Amino acid sequence: MEVRSEALPRAAASGAVCLLSEDDSHAASLVRRAEGGDPWECFLRGQQYYEEEKGVEYMKKILSSDSPAARHLRFAAAYNLGRAHYEGYGVKHSTEEAERLWLIAADNGNPKASVKAQSTLGMLYSMPDLKDLKKAFFWHSEACGNGSLESQGALGVMYLYGQGVRRNTKASLECLKAAAERGNIYAQGHLVEYYYNRKFFSTAVAIARRTTENDNIEMLATMTDCLPAYVAKGVAIAAFYLARCLHLGRGIEKDEAAAKKYYSKACLLDPDVASDLELKANLGRI
């Protein structure tokens, strides 16, 4: 199963966001400092008003600032500005401008830059409009090397199916297993599929059971800092293959009622994934 293109993640801060009341005297002081060009206060105000035009202006101030105090905030500001342009928050939607800003934020894979931007570029270059799987592989590799769990799972899938890189099962399993152990649900789903297709049904069932234990997608996405859509896909893949094993008695005792439950779960979590897998099942491919 190849990677499907999904919406990109919402902007994230490189630290906790302080939401302040306009009536608070301290907040008023922060506003004055932000308007005076204080980089950290500009960043906080930009985060607070991310979906509004003034949030964009605060982030632009950081990006154009010559202050040494702004240096460590520029990458995060560029990433968030890219998000604003991509989503059309406080500024006109522009994928091209988002790409330009994310490239600034990613800084050629600099580990001290925005790793989130590096991973997001990997996702961006996997999408139909800008599809360039070699670039996607490059950016996921950079982000993975800098600690991105999302990109580690994506690399495993790219190696497994030869997307943007020569197919390499050994490298794929290394990435998928490591990402799965760190909590990447999408990687766990693809491991289930991998073991099922190679007739290691008991292993597929064991992983699928663990993967489908928790279907609180938003909570899992928050815990792992992975895209909710891909978390849902991971659980859906695992649920469908678990249902198939229960239906056919592969690696587990037959249980038609349980199989129906997991088929339904897969359909609810990701209808497209369930439809693709159902077609393969009907054609006798799985």
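**A tour from Thr95 to a helix pair**

Start by selecting Thr95: at 17% relative accessibility this residue counts as buried, because the cut-off for buried is under 20%. Keep in mind as you click around that this is a predicted model.

Stay on Thr95 and show the side chains around it. The Thr95 side chain makes a polar contact with the side chain of His93, at 3.4 Å. Which residues does Thr95 touch once its neighbours within four places in sequence are left aside? Add Tyr86, Leu124 and Leu130 to your selection, and you have them.

Now widen the view to helix 5, where Thr95 has its place. Select residues 95–106: this helix has twelve residues and reaches 16 Å from its first C-alpha to its last, close to the 16 Å expected at 1.5 Å a residue. Colour its buried residues next; besides Thr95, they are Ala98, Glu99, Leu101, Trp102, Ala105 and Ala106. Then step just past the end of helix 5 to Asp107, which takes a positive phi of about 50 degrees.

For the last stop, select helix 9 (residues 169–181) together with helix 10 (residues 185–197). How do the two axes meet? They come within 8 Å and cross at roughly 135 degrees, so helix 9 and helix 10 are oblique to each other. Their crossing is left-handed. To see the contact itself, show Thr169, Leu173, Leu176, Lys177, Ala179 and Ala180 on helix 9. Facing them from helix 10 in this contact are Ala187, Gln188, His190, Leu191, Tyr194 and Tyr195.

Technical notes: Residues are numbered from 1 along each chain as its sequence is written. This is a predicted model: local features need pLDDT of at least 70, side-chain atom pairs count only at pLDDT 80 or more; totals for chains, interfaces and linings use all residues. Side-chain values use heavy atoms; hydrogens and water are left out. Helices (H or I, at least four residues) and strands (E, at least two) are DSSP runs, numbered from the N terminus. The expected span of a helix is 1.5 Å times one less than its number of residues. Buried means under 20% relative accessible area, exposed over 50%, partly exposed in between (1.4 Å probe, protein chains only). A polar contact is a pair of N or O atoms within 3.5 Å; within protein, one must be able to donate a hydrogen and the other to accept it, and residues adjacent in sequence count only if both atoms are side-chain atoms. Contact means heavy atoms within 4.5 Å. Axes are lines fitted to C-alpha atoms, for helices over the stretch in contact, and angles run from 0 to 180 degrees between N-to-C directions. Angles under 35 degrees count as roughly parallel, over 145 as roughly antiparallel, 65 to 115 as roughly perpendicular and the rest as oblique. A crossing is left-handed if the near helix is turned anticlockwise from the far one by less than a right angle, and right-handed if clockwise.
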